Amino acid sequence: MSKRTFLLLLAGLMISQVFFPFNGAAQGNLLLTPRRIVFEGTTRSVDLNLANVGQDTATYAISIVQIRMTEEGNFETITEPDSGQYFSVQNLRFFPRSVTLGPNETQTVKIQLVRANQLTPGEYRSHFYFRAVPKEKPLGEEEVAVADPNAISVMLTPVFGITIPAIVRIGESTAKVNISGICLDQQTDTVPSLSLTFNRTGNFSVFGDLAVDHISAQAKRRGSVRQTG
């Protein structure tokens, strides 16, 4: 059984802001659609759409990494699967391996599932990693003068990256989810928090939308919070 605990901060019991589910994933100036790759049934190929929503040309290197979620909801990179976990990297092919996009340009990455007939029933999961490639300094460009030539200087270049899961499902799903431990606490005078635990059983992972609605004493909906995961 897998358990995940969620904590939602509600802006008062009368919530005025509504969060709608979003079908794409974004980091920096890169927008990806869809937010996850799922192969199940007879699906053998998926088109992943990349869009540069920034004002500068950007290059992104594409690779596949292995990630797991901890019980606290954090993500960490791994090299070996946990017990009962299987990677999908051996059965995925994709092209191109890198893309360069100008402002408002788009690119399609073709992803294929191969040797699916060799897989035993179960779920196989890896993550596509899109890493921004820092721009190289043109040849001949002068270095910035250092005030003290004996001093040590460090220049930090931020590198943006985004990952999305690539899931292969073989066989019939037996996954079930129930909710337990629902608790609404008033942490401050204005911000209550709602905590709950998802309990999953079965052979596949699950994802979906969580909606929390506030119903007034007059049975009227006063607002909602929606979280897609």
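Let us start with one pair of residues: Ile64 has Phe128 as its bridge partner in strand 12. This pair belongs to a predicted model, and it makes a handy doorway into the rest of the fold. Strand 6, residues 58–65, and strand 12, residues 122–132, run antiparallel to each other and are joined by 6 bridges.

Step back a little, and these two strands turn out to be part of something wider. They sit in an open sheet of 5 strands, ordered 4-13-12-6-10, in which the pairing is mixed. At the edges are strand 4 (37–39) and strand 10 (98–101), each of which pairs on one side only. From one strand to the next, the twist averages 20 degrees. As you follow the strands by eye, one general point helps: in a regular strand, side chains alternate between the two faces of the sheet.

Now zoom out to the whole chain. The protein chain has 17 strands and 0 helices. It counts 229 residues, of which 34% are buried. Its exposed surface comes to about 15,100 Å², with carbon and sulfur atoms supplying 52% of that area. Looking at contacts between residues at least 6 apart in sequence, 68% join residues at least 24 apart.

Phe128 is a good guide to the interior too. The largest nonpolar core has 29 residues, and Leu50, Phe128 and Phe130 touch the most other members. Strand 13, residues 161–170, gives the most to this core, with 5 residues. If you set aside neighbours within four places in sequence, the contacts of Phe128 include Ile62, Ile64, Leu92, Phe94 and Ile111. Further along the chain, Phe128 also touches Ile162, Thr163, Ile164 and Ala166, among others. There is a second, separate core as well, made of 5 residues, among them Leu194, Leu196, Phe198 and Leu210.

Another part of the chain to visit is a hairpin. Strand 14 and strand 15 form it, with 5 residues between them. Strand 14 covers residues 176–186 and strand 15 covers residues 192–201; the two run antiparallel and share 9 bridges. One of the pairings to look for is Gln186, whose bridge partner in strand 15 is Pro192.

Next come the charged side chains. In general, side chains of opposite charge can pair when their charged atoms come close. This structure holds 6 salt bridges. One of them joins Glu40 and Arg169, with the closest N and O atoms 3.7 Å apart. Glu40 is in the loop between strand 4 and strand 5 (45–52) while Arg169 is in strand 13, so the pair ties together parts that are 129 residues apart in sequence. The two partners sit in contrasting settings: Glu40 is partly exposed, at 40% relative accessible area, whereas Arg169 is buried, at 11%. These two residues also belong to a network of salt bridges that links Glu40, Glu123, Arg125 and Arg169.

Arg68 deserves a look as well. Its side chain meets that of Glu76 in a salt bridge at 2.6 Å, N to O, and that of Asp82 in another at 2.4 Å. The Arg68 and Asp82 pair links distant parts of the chain, 14 residues apart: Arg68 is in strand 7 (residues 67–69), and Asp82 is in the loop between strand 8 and strand 9. Arg68 is partly exposed at 27%, Glu76 is partly exposed at 32%, and Asp82 is partly exposed at 33%.

Tyr86 lies in the loop between strand 8 (75–77) and strand 9 (92–95). Its C-alpha atom is 4.8 Å from that of Tyr124, although the two residues are 38 apart along the chain. Beyond its neighbours within four places in sequence, Tyr86 is in contact with Glu123, Tyr124 and Arg125.

Finally, the backbone has some details to spot. Most residues other than glycine have a negative phi, and most peptide bonds are trans. Cis peptide bonds join Thr33 to Pro34 and Phe95 to Pro96. Pro34 is in the loop between strand 3 (30–33) and strand 4, while Pro96 is in the loop between strand 9 and strand 10. Asn104 has a positive phi, near 65 degrees, and lies in the loop between strand 10 and strand 11 (106–113). Arg115 has a positive phi of about 55 degrees and lies in the loop between strand 11 and strand 12.

Key
Residues are numbered from 1 along each chain as its sequence is written. This is a predicted model: local features need pLDDT of at least 70, side-chain atom pairs count only at pLDDT 80 or more; totals for chains, interfaces and linings use all residues. Side-chain values use heavy atoms; hydrogens and water are left out. Two strands pair if DSSP finds at least two bridges between them. Helices (H or I, at least four residues) and strands (E, at least two) are DSSP runs, numbered from the N terminus. Contact means heavy atoms within 4.5 Å. A nonpolar core is a set of buried Ala, Val, Leu, Ile, Met, Phe, Trp, Tyr and Cys residues joined through side-chain atoms within 4.5 Å. Buried means under 20% relative accessible area, exposed over 50%, partly exposed in between (1.4 Å probe, protein chains only). Axes are lines fitted to C-alpha atoms, for helices over the stretch in contact, and angles run from 0 to 180 degrees between N-to-C directions. Accessible areas come from the Shrake-Rupley method with a 1.4 Å probe; for residues, only the protein chains shown count as cover. A salt bridge is a side-chain nitrogen of Lys or Arg within 4 Å of a carboxyl oxygen of Asp or Glu.
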